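Subject: Structure handover

Hello,

Please find the structure below, for your files. My notes on what was found in it follow.

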Amino acid sequence: MPQRRLSKEEFLAWVGHMLRENRVIAPIRSGERTFLQEIGVPSEVDLEVGRPTNSLKEFFFPATETLFHIRRGKKAVRMELPEVGRPQVLLLVRPCDAAALTSMDALFLGEPADFYWSERRKNTAIVGLACLTVPTPECFCTTVGGSPIGTENMDIVLYRDGAGYIAESLTERGETLLTPASGSALEEAFVPRAPELPTFPCPSMEEWLRIFNDDYWMRLGERCLGCKICTYNCPTCYCFDIRDRGIGGYVERLRAWDACTSKHYSIEASGHDPRPTRGARLRNRFYHKYYYFPWRYNGTLLCSGCGRCVAQCPVNIDLTEILEEVAVRSQEREEAKQG
Amino acid sequence: MNNPFLPYTGTLVEIRDLAEGIKLLRVHLEDEAGRAAFSDYKPGQFAFVSAFGVGEVPFGLAGTPSRSPELEFAVARVGTVTSALHGLEEGAPVGVRGPMGNWFPMDDFRGRNLVVIGGGIGFAPLRPVIQYVLDHRADYGHLTILAAARAPNLLVFREEYEEWAAAPDAEFHVTVDVGDETWTGNVGLVTELQAKVSPSPENAIAITCGPPIMIKFVTQLLQKQGFAPEQIYTTLEMKMKCGLGKCGRCNVGERYVCIDGPVFSHAQILRFIDTF
Amino acid sequence: MNVTDDLRRIARELLESGRVARVIGYEEGRRGQVRPLVARTVEEAGRLLFDERCAHNLALYLLDFKPQGGEEPPAVAVVLKPCDARALNVLVLENQVRRERVYAIGVACPGIPGKQACATCTDRVPPTFDILLGTPSEAPAASGLPDDLARLLALSPEERRRFWAEHFRRCIRCYACRQVCPMCYCEVCIAEKLDPPWESIAIAPSENEFYHVLRAYHLIGRCIECGECERVCPMGIPVFLYQRYMAEEVRKTFSFRAGMDAETPAPFMTFRKEELEKP
């Protein structure tokens, strides 16, 4: 669809317009970090955003949500669904984050579809921001099949243009959303060029399988803290816990994020733990992303190459290094086998 | 839109001691939709039971629809939810989601000899297999049942041992790790009993369930006794939250216990056997 | 005088002689940072290094060498800055680590540039070590309260409450602050204890506040002020600030700093009869 040029002022005016009828989520600067957060006024938007600390998943799959309210009497209970799916716009979403929704859709919209994800997804417009330059040193989207100028799952894509943007709607919803924006038509269509990214090997499922029992995982586990930074700020880590909260006649069933990297996650009430070491738990995270998930969902990886886990791990457990190690070690095993 | 997290409402119609720390819960489903969903569940399937206000936990369905119109669950008190369930009185509302998971391929087992080996509370999901075989006796060959527990007071469904032992073309053995003053039967690990009984792999299928460590040793011994991985079935239990293949918790390798299981042939999970 | 060269030489000797089975130190990371390394071989010991990027408190990893099922864990060597050595002392005091199983490679610490906890720290030499590497620089004069703590204390209780509420609202409960803390070694953290639960699974303001307040209290008189909790927080929450406030109070009230030796228990872990008597 036709592109139009928005100056910074026109862009902010447009954001103000969207705020009238939508909850608008955008990057907000706070100290040294940028967070995706609901904004109150357009001036809060961090126009210089590289990669926000948190991912966009919480706006579809909140860290904690009520699955249903339970009103219980002595002999009967009544369950009521909460209201979900208030219209929202996600602003300045990077292509890796938008692409991550494809993996999450495979999971949450696959049979049986998740009511909560589905409602929010339906009612969310995504205004993407293409990467005309590489936003962070940890980016590796092309390794996992993404593109810095990819527009997957976006309703509108923005290209940085001086202090403003070039906007192009990609869907009907995007077109409607963009209609009130002022701005000027472009004389000549803007054709984005993808910047050069470092690339890493992306081992096949077979390669991953070959080194499942490699000591490498236990050695990685030695320095792993067993925290959940990598999973909670990951746009595609989705594991959750379910539990009731409340007392007396009113309670609610909650769903909250959980993570396989934590000790608490897999240990059973009996005390048995199927993944008893940090190495085994860490291995599960990477295998989930590069083996288990694609095994189930037609090759779809559970990683969009955003680089958050690489940038945020306090002990430098670096997925790009792991991809290289898997490729090398797998190759070595294969060669050793063939003698 | 159908919301699979919403349980069917049910009423606890019976709760009684089954063994030390284990109770049998019988649940009548109040919703028509719930009764329809559970009209034809299969041996090996499971369901989530809610103690409203605390949470929900999955249990193997311990009966068959043909024997009991109510759902039966053997509940061991191990955590907060199971404690809450133990504390319920008859008439209390409970929630049920299911039936979930796959089942023992009873059709494929037709004409085969069956060896059923269960330990402790792990015997509960095998009870429907036995009931099914006994109700379709002509369809199956010889039935060998091995029951085990750490102590006599931890054996479940003891009142049914007589029926099983007396069934045509069936043998029943039971052992406990440690006996007590009333116990006159076998004492020793289930694998010792298994070695003594020495089931033939000829035209046979072995089905086992119990604590992970027991499954591992029983499976090893079965293979020594000549059973191929394809002849060994287990039903696995793992911590799980949704039962829908979404919460990410119950994987054994690439398989989810909740939707790809809980019933697996040993051949399916061989590669990842150490991770459950 | 190069600490890294000495460190590698000593690590090799320790491993070669069989004195220890592991040397816990730092190695070059992949992107200009350093990272922990649990070296097992002489070759791996050759990757060890120490410089002013080495912020991690490696005493944490000693918890992986606790006796298990009556079996004696292997002896280990570990590189310790002054605050890390204080952690070792507390772990010894609290029976988590046996001092004789640990070979402490102390390093004279210049302070890690840019690390919040180091800005006002005056410790240059570890309080315990088996060998000391590097030449201690002159300790700076004590400079009073760190700026951020002084600012916090200048706020009214209501403002302080808002300050923390704003920060805790953003907490995602990744538990990095707890996981990185050598003093947070509970088998099951009360914040995650579900049978029975002390708090719900919700990642939400009131639960977050419960967690942080609880952690602050559990560390009173035990915090060795390494500041790792705040350094690893991905959300930029000043978690070390409340910890340091507690440490400051303990210092003022009891003239006590955790981990300066391995014998003196924390004030809140002792009880004396005379404390009953009013002054």
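I start in chain B, where Ile145(B) has Phe172(B) in β9(B) as its bridge partner. The model is predicted, and local features are given at pLDDT of at least 70, side-chain atom pairs at pLDDT 80 or more, while totals for chains, interfaces and linings use all residues. Residues are numbered from 1 along each chain as its sequence is written, and chains are lettered from A and ligands numbered from 1 in the order in which they are written.

Chain B, parallel strands

The pair just mentioned belongs to β8(B) and strand β9 (residues 170-176) of chain B, which run parallel and share 7 bridges. Helices (H or I, at least four residues) and strands (E, at least two) are DSSP runs numbered from the N terminus, and two strands count as paired if DSSP finds at least two bridges between them. On strand β7 (residues 113-119) of chain B, β8(B) has a parallel partner too, with 6 bridges. There Gly119(B) lies opposite Ala148(B) of β8(B).

Two crossovers involve these strands. β7(B), helix α3 (residues 127-135) of chain B and β8(B) form a right-handed β-α-β unit. β8(B), helix α4 (residues 161-166) of chain B and β9(B) form a right-handed β-α-β unit as well. Right-handed here means that, with the strands pointing away from the viewer, the path from the first strand over the helix to the second runs clockwise.

Strand β8 (residues 143-149) of chain B has 6 of its 7 residues buried, so it is largely enclosed by the rest of the structure. A residue is buried if 20 or more other C-beta atoms lie within 10 Å of its own, exposed if 12 or fewer, and partly exposed in between, with C-beta atoms placed from the backbone.

Chain B, antiparallel sheet

Chain B also has an open sheet of 6 strands in the order β4-β3-β6-β1-β2-β5, with antiparallel pairing. Its edges are β4 (55-60) and β5 (71-76) of chain B; each has a single partner strand, so one side of each is left without a neighbour in the sheet. From one strand to the next the twist averages 40°. Angles run from 0 to 180 degrees between N-to-C directions, and axes are lines fitted to C-alpha atoms, for helices over the stretch in contact.

At the β4(B) edge, strand β3 (residues 46-51) of chain B is joined to β4(B) by 6 bridges in the antiparallel sense. Ser50(B) is paired there with Glu56(B) of β4(B) as its bridge partner.

Chain B as a whole

Chain B contains 7 helices and 15 strands, and 55% of its 276 residues count as buried. Its radius of gyration is 18 Å, which agrees with the value near 19 Å for a compact globule of 276 residues. That radius is taken over C-alpha atoms, and the globule rule is 2.2 Å times the number of residues to the power 0.38.

Chain A

Chain A has 11 helices and 12 strands. Of its 339 residues, 48% count as buried. The radius of gyration is 22 Å, in agreement with the value near 20 Å for a compact globule of 339 residues.

An open sheet of 8 strands in chain A follows the order β3-β2-β6-β7-β8-β9-β1-β10, with mixed pairing. β3 (33-38) and β10 (184-185) of chain A are at the edges with a single partner strand each, so one side of each is left without a neighbour in the sheet. Strand β2 (residues 23-30) of chain A runs antiparallel to β3(A), with 6 bridges between them, and Ile28(A) is opposite Phe35(A) of β3(A). Helix α1 (residues 8-21) of chain A packs on this sheet and touches β1 (3-6), β2, β6 (88-93) and β9 (164-169) of chain A, its direction making about 50° with that of β9(A). Contact means that the C-beta atoms of two residues, placed from the backbone, lie within 7 Å.

Elsewhere in chain A, strand β4 (residues 64-72) is joined to strand β12 (residues 250-257) by 7 bridges, antiparallel. Thr64(A) has Ala256(A) as its bridge partner in β12(A). β4(A) also pairs with strand β5 (residues 77-80) of chain A, antiparallel over 4 bridges, and a hairpin through 4 residues joins β4(A) to β5(A).

Regards
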